[in-house]
Amino acid sequence: MSGLRQRMAWLHTWAGLWVCWLAFAIFLTGTLSVFVDPISDWMRPEQAQESAQMPFTGPLDHASQLRHGLRYLQQHAADSKMWELWPRAGKEQFQVFWLNAQGMYEDAHLSSATGAALREDAGAVRDTLGGMHFVEFHHALHAGTTGLWIVGAASAAMLVALISGVITHKRIFQDFFTFRPAKGQRSWLDAHNLAGVLTLPFLFMIVYSGLAISWNTYMPAISWAQQLRTGDEAYTREYGPEIKSSGQPGVLTPLEPLVRLAEATFHSPVYALVVNHPGDAAMTVQVYSTTSPDTQQGNLLSKRGMMKFDGVSGALLETEMPHRAPSNGARATMVTLDELHRLHFAGAVIRWIYFVAGMAGTAMMATGAILFMVKRRQRALNEFGASTQRVYRLIDVLNVASIAGLSLACIAFLWSNRLIPLALDERHEWEVAAFFGAWAAALLHAALRPVTQAWREQLWAGAALCAALPLLNLATTGQHLLTYLAQRDLERAAVELTAIGMGAVLAFAAIRTGQRRTVASAAVRKAVP
């Protein structure tokens, strides 16, 4: 067994090291993604706080919006394979969507009163990705399918590191209660073990579910096999599979009765109507319900209810109640994993639990990367022969840039939201560029400065930006923490309070880094006769 543990220790060290920088970035941005909506709200200060949703008392009047929406789609998207309407009773405007000839979504905002298309006023609410920036980076590094494959490879390596780490630790339960501060390498190992054991079930769940929900990308042979067998593309959209058209004309049934039946069945307002192959005899209409904390009522699945109708006769074809698992066991398992990973079901308490566990997992990766170099500063193992010191220097630089530098880039992203001019074209892209630019600057800084000084300077810079974020908000928008609290806008207030808290953590780390440098310098002076 000792031989197995030794082999697993080697695998854990090296599998963990070469992906720890990317895994740290994926986990940190994923942890921030837990609060994607509050971050997005904070980054859109012009957007009014949404009022509390009124209790649903019965079917609503969507007749005029449905009439206006259908007329617009018939005029502008008559040849589309799919129409989608989002009626919003009592609102001054609503949205319609359609698939263009290239299979891409297009949309329009329509006036509820006249049905006229409304011009998007770029100055009304600033153009920003908001918290979705962290979601997109966590999911695919802002690099599309290529980024998704990179994240998948890092996640698979992370699973290997977790499994080998469990085998390596002889005293996994004792490590849960052990932490010896101010002991150098021993303290870093204790911190790494403690964070790992504390979050072990969470880490397994979140990494495995992240891989599982992207199965169609990582296992394309399944889709290819279906395409070869049936001759059709295995293409599934969020609102159900694409159906075949008959090639025969058909007249769309009135939509208002279908919506009223769906709202009475689901006891919630309609969220969306989807018309597949409009104008065809085989068209169908799918009506989806709105989900909310009131309808969730402790259910794990946030799945919307759906009623499917024949698009010509209006006959009911299928009903799926909200928050119910699919009858297919494999599909139900996949939906459950998706919910556990994306947290659509979660309220504030569960999101904070995920946030704390995610930060602990992120700390585990950071301490593992730092521990690697702490051990080798005490005794170099010469794994790379004559190039060992150059490789160690590279690892030091990557440690600083990926840990302190990424933290700096994340808060710089929030700063860019307040500093970039509102009228700038494609403004959200400039915010993302500011994130990557700050991260690249951190890498360059780490490469040019001694490692300890680079750690301290980047940690202090991140701490200062976090602490000053509320002041920046006040100076640029006139909004501030006390205003948020007075308006009971707890989500925006929490963003600034969390930024201040993270600044305190970074400042503490910078102080501890300075203390270690002072102790090391004193030890060197004492050793010199």
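**Notebook: helix H11, Pro278 and His428**

I began with what covers the buried residues of H11, and the cover includes helix H3 (63–76), E6, E7, strand E8 (306–310) and strand E9 (316–320). The model I am reading is a predicted one.

Next I listed the buried residues themselves. Helix H11 spans residues 256–266, and its buried residues are Glu256, Leu258, Val259, Ala262, Glu263 and Phe266. They sit on the same side of H11, because they cover an arc of only 160° around the axis. I then looked at what comes after the helix. His267 follows H11, and its phi is positive, near 55°.

**Whole chain**

I stepped back for the totals. The protein chain has 19 helices and nine strands. It holds 529 residues, and 46% of them count as buried. I checked how far contacts reach along the sequence. Taking contacts between residues at least 6 apart, 67% join residues at least 24 apart. The chain exposes about 27400 Å². Carbon and sulfur atoms supply 62% of that area.

**Pro278**

Two of the strands covering H11 are E6 and E7, so I went to the loop between them. Pro278 lies in this loop, with strand E6 at 270–276 and strand E7 at 284–289. Is Pro278 buried or exposed? Pro278 counts as buried, because its relative accessibility is 11% and the cut-off for buried is under 20%.

I looked up what Pro278 touches. Leaving out residues up to four places away in sequence, Pro278 touches Ser80, Lys81, Met82, Trp83 and Met283. I also took the distance from Pro278 to Val312. The two are 34 residues apart in sequence, and their C-alpha atoms are 9.7 Å apart in space.

**His428**

My last stop was His428, which is placed in helix H16 (residues 427–448). Its relative accessible area is 16%, and therefore His428 is buried. Which residues is His428 in contact with, leaving aside its neighbours within four places in sequence? I found Asp127, Thr128 and Leu129. With Asp127 there is a polar contact as well: the side chains of His428 and Asp127 are joined at 2.9 Å.

**Recap**

I noted two buried residues outside H11: Pro278 at 11% and His428 at 16%. Pro278 belongs to the loop between E6 and E7, while His428 belongs to H16. Among the contacts I wrote down are Pro278 with Trp83 and His428 with Leu129.

Terms used:
Residues are numbered from 1 along each chain as its sequence is written. This is a predicted model: local features need pLDDT of at least 70, side-chain atom pairs count only at pLDDT 80 or more; totals for chains, interfaces and linings use all residues. Side-chain values use heavy atoms; hydrogens and water are left out. Helices (H or I, at least four residues) and strands (E, at least two) are DSSP runs, numbered from the N terminus. Buried means under 20% relative accessible area, exposed over 50%, partly exposed in between (1.4 Å probe, protein chains only). Contact means heavy atoms within 4.5 Å. Accessible areas come from the Shrake-Rupley method with a 1.4 Å probe; for residues, only the protein chains shown count as cover. A polar contact is a pair of N or O atoms within 3.5 Å; within protein, one must be able to donate a hydrogen and the other to accept it, and residues adjacent in sequence count only if both atoms are side-chain atoms. The arc is that of the directions from the helix axis to the C-beta atoms.
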